[in-house]
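Let's take a walk through this structure together, beginning with a single residue and working outward from there. Have the sequence and the 3D view at hand.

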Amino acid sequence: MSKIKIAELFYSVQGEGRYMGVPSVFLRTFGCNFKCAGFGMPKGQLSTEADAIAQIADKFKLYEELPLVSTGCDSYASWDPRFKDLSPMLTSDAIADRISEIIPFNEWRDEHLVITGGEPLLGWQRAYPDLLDHPKMAGLKEITFETNGTQKLSEEFKEYLLQWQMPDLDFDREITFSVSAKLSCSGESREEAIRPDVVCEYQEVGYTYRKFVVATEEDAEEAIETLDIYRAEGFDGPCYLMPVGGVESVYNLNNRRVAELAMKNGLRYSDRLQVPLFKNEWGT
Ligand code: SF4
């Protein structure tokens with residue numbers, strides 16, 4: 001039976017993108033190929049907030065005890081190896097059991113599954129079919145992969161996902177790829193972060209949209225230039241601008257401005273409902 005290293009598994013309201021407001025199960029896998037230490041920092045500088053917390057990682061026994069950060073990646077513990085002991089390896093059975101315990105009525109109805117990270121398409125692709133075929137997942141109709149858009153799909157996983165588009169199947173599942181490719185404000189290199197070839201492949205398998213985290217007009221301009229690169233390679237899905245801000249003080253500074261930038265450029269605006277609703281606490 002397949003196992004997945006799970007950073008968090010919780011039930012909440014999707015706060016971002018296409019399914020904003022939809023009751024959702026979040027499966028946060030462990031591991032990421034990036035650090036995104038530039039978020040919320042002056043241009044060219046990297047945050048050391050998460051690193052300072054990681055120096056005392058052994059003090060924390062639960063995700064809920066971890067401090068929130070106002071700069072850098074807000075889910076730092078889902079990939080930094082110093083927090084790996086907080087994330088158990090769980091079998092498909094254990095994950096499916098846990099999900100049926102946390103959703104209302106103990107069965108899938110209108111809930112949607114978000115497979116997030118970290119970067120969920122790194123190594124766990126081989127384990128998802130076992131989980132998604134589990135009898136307790138039978139009622140699940142909609143799945144979103146929240147990805148940074150750098151990981152190719154394996155041939156096996158692509159074929160597996162494509163089967164749900166077959167007209168003779170007696171059930172269907174809608175697959176969405178929410179691609180948050182990283183702009184320079186993340187601190188990641190453009191060569192590694194911008195992979196239109198990868199994102200165009202997702203488009204063959206499911207509904208795919210782009211989501212750029214921005215704070216300034218300069219970021220929005222970079223988002224639009226980057227979107228043009230994706231479009232030139234054949235990407236034709238929608239694009240959202242979403243404000244930087246894992247904590248309310250930062251989010252409140254730029255959410256309205258980012259909405260205006262989205263309007264001005266004819267792009268969609270994505271909120272981060274988890275910040276005003278739940279303060280972006282772990283497990284929300
Ligand atoms: S890609 Fe996402 S999870 Fe990975 S470091 Fe960046 S913000 Fe964090």
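**Around Asn148 and the ligand**

Asn148 is found in the loop that runs between strand S5 (142-147) and helix H4 (155-162). Keep in mind as you look that this is a predicted model. Is Asn148 buried or exposed? Its relative accessible area is 4%, and because buried means under 20%, Asn148 counts as buried.

Now look at what surrounds this residue. Leaving aside residues up to four places away in sequence, Asn148 touches Cys32, Asn33, Phe34, Glu119, Val179, Ser180, Ala181, Lys182 and Ala193. Within its own loop region, the Asn148 side chain makes a polar contact of 2.7 Å with the side chain of Thr150.

Asn148 also belongs to the ligand's surroundings, together with Cys32, Phe34, Lys35, Cys36, Cys73, Ser75, Trp79, Gly118 and Lys182. Sorted by class, this shell has five nonpolar, three polar and two charged residues. The ligand itself sits in the largest cavity.

From here, step across to Gly117. Its C-alpha atom is 9.4 Å from that of Asn148, although 31 residues separate the two along the chain. The peptide bond leading from Gly117 to Gly118 is cis, with omega near 10°. Gly118 lies in the loop between strand S4 (112-116) and helix H3 (128-132).

Finally, visit the loop between helix H2 (92-102) and S4, where you will find Phe105. Phe105 has a positive phi of about 65° without being a glycine, and Asn106, in the loop between H2 and S4, has a positive phi of about 55°. Most residues other than glycine have a negative phi, and most peptide bonds are trans. Phe105 is exposed, at 58% relative accessible area.

How values were computed. Residues numbered from 1 in each chain as written. Predicted model: local features only at pLDDT ≥ 70, side-chain atom pairs only at ≥ 80, totals over all residues. Heavy atoms only, no water. Near = heavy atom within 4 Å. 1 Å grid on protein atoms, 1.4 Å probe; cavity = no way out; pocket = protein on both sides within 12 Å on 5 of 7 lines; lining within 4 Å. Sits in = over half its atoms within 2 Å of the grid points. Nonpolar A, V, L, I, M, F, W, Y, C, P; charged D, E, K, R; others polar. Helix = DSSP H or I, 4+ residues; strand = E, 2+ residues; numbered from the N terminus. Buried < 20%, exposed > 50% of the residue type's maximum accessible area, 1.4 Å probe, protein only. Contact = heavy atoms within 4.5 Å. Polar contact = N/O pair within 3.5 Å; in protein donor to acceptor, adjacent residues only side chain to side chain.
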